[in-house]
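I'm opening my notebook on this one. Here is what I looked up, entry by entry.

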Amino acid sequence: MTPRETEQSPPTALADGRVGADWLPAAEIRQRLLDTGYTSVTELKPDDGLWDGKGIKNGMEVRFHVDPRTGAMLSERADD
């Protein structure tokens, strides 16, 4: 685990006032990513109503957004 990785639960309220108490914990999101082909998750944080992060998949650094309530992958792209 890296120092940038967040293992704690997300904040109860986001900056825009939306509640994040129903979010899946960071540890569960991280494990789901590892189970779906990521070899490491180097950054994982709550951002604007999503889990936002970076990881290594297929030998490439990838940025991603995950639905915080279901754990579904919303977007992935190679990090430039």
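Which strands does helix 1 lie across? I checked, keeping in mind that this is a predicted model. Helix 1, residues 26-35, lies across strand 1, strand 2 (50-57), strand 3 and strand 4. I also looked up its direction: helix 1 runs at about 145° to strand 1.

Next entry: the sheet. I found that four strands form an open sheet in the order 1-2-3-4, and the pairing is antiparallel. The edge strands are strand 1 (38-47) and strand 4 (73-78), and each of them pairs on one side only. I looked up the twist too: neighbouring strands of this sheet are turned by 20° against each other on average, direction ignored.

Then I zoomed in on one pairing. How many bridges join strand 3 to strand 4? I got five, with strand 3 covering residues 60-66 and the two strands running antiparallel. For a concrete example, I picked valine 62 and found that its bridge partner in strand 4 is alanine 78.

Last entry: the rings. The structure holds two aromatic pairs, and I looked up one of them. The ring centres of tyrosine 38 and phenylalanine 64 are 5.5 Å apart. Why is this pair called edge-to-face? Their planes sit at 70°, and planes over 60 degrees apart count as edge-to-face, so the label fits. This pair links distant parts of the chain, since tyrosine 38 is in strand 1 and phenylalanine 64 is in strand 3, 26 residues apart. Buried or exposed, I wondered about tyrosine 38 and phenylalanine 64? Both turned out to be buried.

Notes:
Residues are numbered from 1 along each chain as its sequence is written. This is a predicted model: local features need pLDDT of at least 70, side-chain atom pairs count only at pLDDT 80 or more; totals for chains, interfaces and linings use all residues. Side-chain values use heavy atoms; hydrogens and water are left out. Two strands pair if DSSP finds at least two bridges between them. Axes are lines fitted to C-alpha atoms, for helices over the stretch in contact, and angles run from 0 to 180 degrees between N-to-C directions. Contact means heavy atoms within 4.5 Å. Rings of Phe, Tyr and Trp (its six-membered ring) pair if their centres lie within 6.5 Å; planes under 30 degrees apart count as stacked, over 60 as edge-to-face and the rest as tilted. Buried means under 20% relative accessible area, exposed over 50%, partly exposed in between (1.4 Å probe, protein chains only).
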